[in-house]
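User: I'm new to this one and would like to go through it step by step. Could you put it up so that we can talk about it?

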Amino acid sequence: WTVTVWDAYGESAMSSPVEFRTGIFEGDEWKGSWIGSDNDSIQYALSGAKWIWLSGRNNGATADGSLPADSTYFRYSFTPKAGKTLKSVNFVFTADDYGVLYANGQTVLSIQNTTDVWKTGNVADITEVMTSGENVIALRVYNATVGYAGLVGRLYVAYTDGTLDIYATDMGSWKASKSAQDGWNDTGFDDSSWKSPDQYVT
């Protein structure tokens, strides 16, 4: 930069050019760390999960496009592995047509009944309500009109040691019922009278 001055007679004089610099010039002066979600490295998907439902028709692996407009209650229980610390727990899912997701008795996410909402997947972070003991994921899913119905999802349980467990909707570990009593969506509930889903479509 330069400086120019004028006197009362309009005469001017300019200084010699000089420069100044500001900033960080040495590599070791740069300090920082990567920022972002702790779950950035997890690639969420629904592959391997089954579309499950309780119809009473024992459809098995065959999709039934004439299921009545009603609702089904679902429960899934799991316990984190002993000796490990949870880093994050996320449930990735969608439901045909809509419904409510609970974790350990707390409402986590409500899916509104809008056209084709089931075509959009959901990632629900339920880490904050998890415990080191038994945990329960529960949903009430509504089939709005006569047609296909179901729930499909995968539970991602990440530990601080870098390991990851994935549990998918299936006919063996999930429980289903057409009615529910108080506490159905929480731990400690006796679901021994609940049934396995009778529809489990890939």
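User: Is strand 9 buried or exposed, for the most part?
Analyst: This is a predicted model, and in it 6 of the 8 residues of strand 9, which covers residues 135–142, are buried, so the strand is largely enclosed by the rest of the structure.

User: Which way does strand 4 run against strand 9, and how many bridges join them?
Analyst: Strand 4, made of residues 71–78, runs antiparallel to strand 9, and 8 bridges join the two. One of the pairings to look for is Phe 74, whose bridge partner in strand 9 is Leu 139.

User: And how many bridges join strand 6 to strand 9?
Analyst: There are 6 bridges between strand 6 (residues 98–103) and strand 9, and these strands also run antiparallel. Here Tyr 98 stands opposite Tyr 142 of strand 9.

User: What is the strand order in the sheet?
Analyst: The open sheet has 5 strands in the order 7-6-9-4-12, with antiparallel pairing. Its edge strands are strand 7 (106–111) and strand 12, each of which pairs on one side only, and neighbouring strands are turned by 20 degrees against each other on average, direction ignored.

User: How many bridges join strand 12 to strand 4?
Analyst: Strand 4 and strand 12 are joined by 3 bridges and run antiparallel, with Tyr 73 standing opposite Ser 177 in strand 12.

User: Changing topic, how many aromatic pairs are there?
Analyst: The structure holds 14 aromatic pairs. Among them is the edge-to-face pair of Tyr 73 and Trp 184, with 4.9 Å from centre to centre and 80 degrees between the planes.

User: Where do those two, Tyr 73 and Trp 184, lie?
Analyst: Tyr 73 is in strand 4, whereas Trp 184 is in the loop between strand 12 (175–177) and strand 13 (199–201), so their pair ties together parts that are 111 residues apart in sequence. Tyr 73 has 10% relative accessibility and therefore counts as buried, and Trp 184, at 11%, counts as buried as well.

User: What about Tyr 76 and Phe 78, what kind of pair do they form?
Analyst: Tyr 76 and Phe 78 form a stacked pair, at 6.4 Å centre to centre with 20 degrees between the planes. Tyr 76 counts as buried at 6% relative accessibility, and Phe 78 counts as buried at 5%. Together with Phe 91, Phe 93, Tyr 167 and Trp 174, they form one aromatic cluster.

User: Last one: which ring does Lys 84 lie over?
Analyst: Lys 84 lies over the face of Tyr 159, at 5.2 Å from the ring centre.

Conventions
Residues numbered from 1 in each chain as written. Predicted model: local features only at pLDDT ≥ 70, side-chain atom pairs only at ≥ 80, totals over all residues. Heavy atoms only, no water. Buried < 20%, exposed > 50% of the residue type's maximum accessible area, 1.4 Å probe, protein only. Helix = DSSP H or I, 4+ residues; strand = E, 2+ residues; numbered from the N terminus. Pairing = 2+ DSSP bridges. Phe/Tyr/Trp six-rings, centres within 6.5 Å; stacked < 30°, edge-to-face > 60°. Lys NZ or Arg CZ within 6 Å of the ring centre and 35° of its normal. Axes fitted to C-alpha atoms, helices over the stretch in contact; angles between N-to-C directions.
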